[in-house]
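This report describes the fold, the nonpolar core and the ligand surroundings of one protein model. Two residues with unusual backbone geometry are treated at the outset.

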Amino acid sequence: MSDATTATSDPVGYAVTVDRDACDGVFACLVRDPRFVEDDDGLAGFDPDAAETVERTDERVTATFADDRIEEARQAAAACPLDAIAVAPAEGDGEEEGEVKTE
Ligand code: SF4
């Protein structure tokens, strides 16, 4: 029986959104997180095999994940020169130990 109770490495659910109006196809994100891919409009999208779900509209594309790679997504968001990527922990998983909210 395996019992994964290590709080720091438990997979957490989170959503990553690309604002397709802001995205300009620079693809700095792909270098940081290979789950980002170029879509048929030349903008950033997500590898559907890597995500739980991918939902795309004209304005944005959102993928949800349940793994321990949120830091890669955050690196991609930080690397985006147009600030087009948002990373949001799933509701209920928002409280991260050791993280101080300043707002
Ligand atoms: S780095 Fe930002 S602007 Fe460039 S493709 Fe990725 S999301 Fe779009």
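Asp83 counts as exposed because it has 11 C-beta neighbours inside 10 Å; a residue is exposed with 12 or fewer other C-beta atoms within 10 Å of its own, buried with 20 or more, and partly exposed in between, C-beta atoms being placed from the backbone. The model is predicted: local features need pLDDT of at least 70 and side-chain atom pairs count only at pLDDT 80 or more, while totals for chains, interfaces and linings use all residues. Residues are numbered from 1 along each chain as its sequence is written.

Asp83 is found in the loop between α2 and β6 (85-89), and Phe27 in the loop between β1 and α1 (28-32). Phe27 counts as partly exposed because it has 16 C-beta neighbours inside 10 Å. Neither Phe27 nor Asp83 is a glycine, yet each has a positive phi.

| Residue | Phi |
|---|---|
| Phe27 | about 65° |
| Asp83 | about 55° |

Most residues other than glycine have a negative phi.

The protein chain comprises 2 helices and 6 strands, which are DSSP runs (helices H or I, at least four residues; strands E, at least two) numbered from the N terminus. Their order along the sequence is β-α-β-β-β-β-α-β.

The largest nonpolar core (buried Ala, Val, Leu, Ile, Met, Phe, Trp, Tyr and Cys residues joined through C-beta atoms within 7 Å) has 17 residues, of which Val16, Val18, Cys29, Ala76 and Ile85 touch the most other members. At least two residues of this core come from each of β1 (12-19), β3 (44-46), β5 (60-67) and α2 (70-79).

Around the ligand lie 13 residues, the closest being Cys23, Val26, Cys29, Ala44 and Cys80; the criterion is a C-beta atom, placed from the backbone, within 6 Å of the molecule.
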